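Please find below my notes on the structure you sent round. They are meant to be read with the model open.

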Amino acid sequence: MRQEKLIPLIEYARLTDTPESTLRLQIRAGRLKAIRLGRYWYVPVENEIPTPNRHAKVYTLFTHAGGAGKTSLARDLGFELASLGHRVLLIDADPQANLTAWLGLDPGEIEDKATLLFVVEGKGLPEPQAAVLERVALDLVPANMNLALAEVTVPTKTLGMMLLRTALHESGVLEQYDFVLVDSPPSLGSIAAMAALAGDGLIVPVETSAKGIQALRAVVEVSRDYLKTLKALRFVPQTRSQFIVLLVPTKYDPRTLQDRKVKQLLEKAESLGPWAKALSCRPGPYKEAIDRALPVQAVGDGRLREEIRALSETFLHLTQEDLA
Ligand SMILES: Nc1ncnc2c1ncn2[C@@H]1O[C@H](COP(=O)(O)OP(=O)(O)OP(=O)(O)O)[C@@H](O)[C@H]1O
Ligand SMILES: [Mg+2]
């Protein structure tokens with residue numbers, strides 16, 4: 001018996017490279033079979049959808065604020081996208097190598113030539129390693145502590161900040177994935193810049209605290225500089241106005257007045273970029289996720305899974321219309 005699978009319309013649009021609006025017209029005209037469940041449309045699919053030649057979109061988790069949630073977001077968003085059928089490559093650009101460890105690899109056993117040090121030496125992108133979480137496959141370019149050496153090497157190279165961007169384009173990996181997520185270190189140094197400039201935009205986690213707001217100012221400022229640089233080198237269209245594609249309030253605790261105030265303030269700052277719904281502060285599941293080398297939605301409850309699902313939906317909507 002052949003099994004039908006229901007795919008959310010937004011996913012179907014992405015997989016077939018067809019705008020969602022066109023698909024809605026097709027549904028209305030009876031040319032595309034779809035089912036409505038609650039507020040959402042789903043398309044029943046019997047087999048794998050043939051995928052046209054696509055080009056990965058590359059986004060960097062970016063903020064110099066430590067502990068804002070970059071690595072958690074790279075892991076959880078990456079897993080969510082992969083479980084929806086997207087081909088995902090994660091790149092650990094942080095010598096702390098948290099992403100590598102949280103996906104179950106031991107950074108102490110990672111060779112330098114498997115990390116971005118290879119890129120910095122001008123040798124191209126290393127072969128990504130396979131990681132399987134809850135039967136969902138993801139690929140990873142891991143990191144180890146020695147990656148810290150890149151902080152001093154990158155500025156000594158001609159266009160050193162562009163090394164990762166160049167390696168991604170020259171290696172052919174962009175044809176093999178739908179999304180590449182780069183986890184950057186908590187600094188505004190050269191590795192962070194190389195990570196930011198590799199992509200089509202920045203995803204910025206913002207901790208709902210006074211510290212979060214303070215960090216945001218600097219992030220917005222450097223993001224403008226990065227966009228200017230990319231425009232000057234003609235890597236992005238001159239019409240592009242924002243480099244931040246998504247701001248994600250994190251560790252939100254609605255029980256504290258301070259957090260509620262900060263969240264309201266952040267959401268008023270609409271001009272800085274699109275805001276996702278806040279991710280709640282849930283120390284227990286986030287800790288368990290690290291201990292068990294799993295994404296948080298695999299260890300958390302329904303509410304947490306719903307938060308991450310809503311975040312990935314917002315992300316997919318935004319990146320579909322991304323100007324990059
Ligand atoms: N929503 C959340 N609720 C509770 N704890 C969280 C949440 N998000 C992340 N954490 C925890 O906060 C810590 C910092 O998160 P994470 O490492 O993802 O941030 P980061 O920005 O990558 O940090 P760094 O700047 O060190 O790279 C981790 O221990 C993580 O498990
Ligand atoms: Mg991190």
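The points run from the overall dimensions to the strands, then to the ligand shell and two single residues.

1. Status and overall size. This is a predicted model. For 324 residues, a compact globule would be expected to have a radius of gyration near 20 Å, and the protein has 20 Å, so the two agree. Along the principal axes, the C-alpha atoms fill a box of roughly 60 × 50 × 45 Å.

2. Composition and packing. The protein has 13 helices and ten strands. Of its 324 residues, 45% count as buried. Taking contacts between residues at least 6 apart in sequence, 77% join residues at least 24 apart.

3. Strand β8. How many of the five residues of β8 are buried? Five of the five, across residues 179-183, so the strand is largely enclosed by the rest of the structure. In a regular strand, side chains alternate between the two faces of the sheet. For β8, both faces are covered: F179, L181 and D183 are buried on one side, and V180 and V182 are buried on the other. Note that D183 is included in that buried set.

4. Partners of β8. Strand β4 (residues 57-61) runs parallel to β8 and is joined to it by five bridges. In this pairing, Y59 stands opposite L181. Strand β5 (residues 88-92) is also parallel to β8, with five bridges between them. Here L89 stands opposite V180. When checking the register in a viewer, these two residue pairs can serve as reference points.

5. The three-stranded sheet. β1, β3 and β2 form an open sheet in the order β1-β3-β2, with antiparallel pairing. Its edge strands are β1 (5-8) and β2 (35-37), each of which pairs on one side only. From one strand to the next, the twist averages 40 degrees. Three bridges join β2 to β3 (residues 40-45), and the two run antiparallel. Within that pairing, I35 is opposite Y42 of β3.

6. Ligand 1. Which residues are closest to ligand 1? They are K70, T71, S72, P186 and Y286, out of 19 residues that surround the ligand. Two helices, α3 (70-83) and α11 (283-291), each supply at least two residues of this shell. By class, the shell divides into seven nonpolar, eight polar and four charged residues.

7. F315. This residue lies in helix α13 (residues 302-320). Is F315 buried or exposed? It is buried, because 23 other C-beta atoms lie within 10 Å, and the cut-off for buried is 20 or more. Leaving aside residues up to four places away in sequence, F315 touches L77 and L246. F315 and L61 are 254 residues apart in sequence, while their C-alpha atoms are 13 Å apart in space.

8. K211. This lysine has its place in helix α9 (residues 210-232). It counts as partly exposed because it has 15 C-beta neighbours inside 10 Å. That count falls between the limits of 12 or fewer for exposed and 20 or more for buried. K211 and T153 are 58 residues apart along the chain, and their C-alpha atoms are separated by 30 Å.

Terms used:
Residues are numbered from 1 along each chain as its sequence is written. Chains are lettered from A and ligands numbered from 1 in the order in which they are written. This is a predicted model: local features need pLDDT of at least 70, side-chain atom pairs count only at pLDDT 80 or more; totals for chains, interfaces and linings use all residues. A residue is near a molecule or strand if its C-beta atom, placed from the backbone, lies within 6 Å of it. Helices (H or I, at least four residues) and strands (E, at least two) are DSSP runs, numbered from the N terminus. Ala, Val, Leu, Ile, Met, Phe, Trp, Tyr, Cys and Pro count as nonpolar, Asp, Glu, Lys and Arg as charged, and the others, Gly among them, as polar. Two strands pair if DSSP finds at least two bridges between them. The radius of gyration is taken over C-alpha atoms; the globule rule is 2.2 Å times the number of residues to the power 0.38. Two residues are in contact if their C-beta atoms, placed from the backbone, lie within 7 Å. Axes are lines fitted to C-alpha atoms, for helices over the stretch in contact, and angles run from 0 to 180 degrees between N-to-C directions.
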